[in-house]
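Me: I am new to this structure and would like a close look at a single part, the sheet. Please take me through how its strands are arranged, and then turn to the cysteines.

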Amino acid sequence: MGIKGLNALVKEHAPRAIIANEMKSLFGRKVAIDASMCLYQFLIAVRQQDGNMLTNEEGETTSHLMGFFYRTIRMVSNGIKPCYVFDGKPPVLKGGELEKRFKRREEAEKMAEEMKETGTVEELQKFERRTVRVTRQQNEEVKVLLKLMGIPFVEAPCEAESQCAELTKSGKVYGAASEDMDTLCYSPTHFLRNVTAAEARKLKVEDYDIVKVLEGFEMNINTFVDLCILLGCDYCETIKGIGPVTALKLIKEHGSIENIIKSIEENPKSKYIVPENWPYKEARELFLNPTVTSGKDVELKWEEPDVEGLVDLMVKKNGFSEQRIRDGASKLSKALKSGTQGRLDGFFKVADAGKKRPNSKEETKKSTNKRKKK
């Protein structure tokens, strides 16, 4: 789900934190990508002309394999070195959100059945897309594919977004790519949107700098996370009646959720009602101290693709064109070799390695004033 209304707030209050560019601007960059998000996107978007998913002779879905194969090749051809991160066990606190999604899917399945009798083809396809679910088998199939392609992947112990962010903070990759705005709550050095959809949908890649986001809001990461919880996240419900504008106003005025709750409870005329047993503290902890594998324990290696292995998986087992798979593998191999040159700015990382990244606008001003005095 992400964070409700956060993207609009960032664009309004921290516009300098976002740089929109062509995908080629990421040339030479290593990027950690939320694999679960990609899986869902491909199962919805990669379809036959009649609107149905791609399948092999056994009737098994292959849309996700085609999506990962060709989209990854496009990224590598643009000089990007992708690393995919798969979701682990969801936190207990997310159970409520998962249950809501399950119920929505059930409702969509009922509507799809009705549309088969009374609706148009477009209406039927709309509800069928809402019934899409990612299976464990599909996750495993993609991992086999990536291994054959020579593309590294990481299995997160919990949420993929938090593991992507950890890889940026440890310097293993440049940015964390996802479509969910809640990725920002895990404070990746750079958060990237539209990476997997940029070329197909003619979108620009949006690069969010977390330091500039916090500067724009004049907050540290703790206050920012509290704002996001107020806006609405996957881990807990919100205070009814508090929208994005009010949430920002309250957090600016009171500084924390605890102080906001106190002001509501002390004001008998307050129109806001705090949810009973509201687990905002647990949600905050999941954002600020997520369960991840330390970046220093993760090794990322991009290797030569196994062409015959790809032909066996994609052609013999799943019915794709052998010529196209071999051409794709050749393109992938060539792009991986040419992409090893890297970026010029990569040579200057050592000079900045010891610098502390500011948490707020105030800290940035202090460092600027010190330089002026010198």
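Reply: What follows describes the sheet, a helix beside the sheet, and then the cysteines.

The model is predicted. Its sheet is open and is formed by seven strands, which follow one another in the order E1-E7-E6-E5-E2-E3-E4, with mixed pairing. At the edges stand strand E1, residues 18-21, and strand E4, residues 153-155; each has a single partner strand, so one side of each is left without a neighbour in the sheet. On average, neighbouring strands of this sheet are turned by 25° against each other, direction ignored.

In general, strands of a sheet pair through backbone hydrogen bonds, and the pairing is either parallel or antiparallel. One pair here consists of strand E2, residues 30-34, and strand E5, residues 175-177, which run parallel and are joined by three bridges. Within this pair, Val-31 stands opposite Gly-175 in E5. A helix also packs on the sheet: H6, residues 136-149, touches strand E3 (81-86) and strand E4. The direction of H6 makes about 155° with that of E3.

As for the cysteines, a search of the whole structure finds zero disulfides. Cys-233 is accordingly in no disulfide, and its nearest cysteine sulfur, that of Cys-236, is 4.3 Å away. A disulfide would need the two sulfur atoms within 2.5 Å. Cys-233 has a relative accessible area of 5% and therefore counts as buried, the cut-off being under 20%. Cys-158 is also buried, with a relative accessible area of 11%.

Conventions:
Residues numbered from 1 in each chain as written. Predicted model: local features only at pLDDT ≥ 70, side-chain atom pairs only at ≥ 80, totals over all residues. Heavy atoms only, no water. Pairing = 2+ DSSP bridges. Helix = DSSP H or I, 4+ residues; strand = E, 2+ residues; numbered from the N terminus. Axes fitted to C-alpha atoms, helices over the stretch in contact; angles between N-to-C directions. Contact = heavy atoms within 4.5 Å. Buried < 20%, exposed > 50% of the residue type's maximum accessible area, 1.4 Å probe, protein only.
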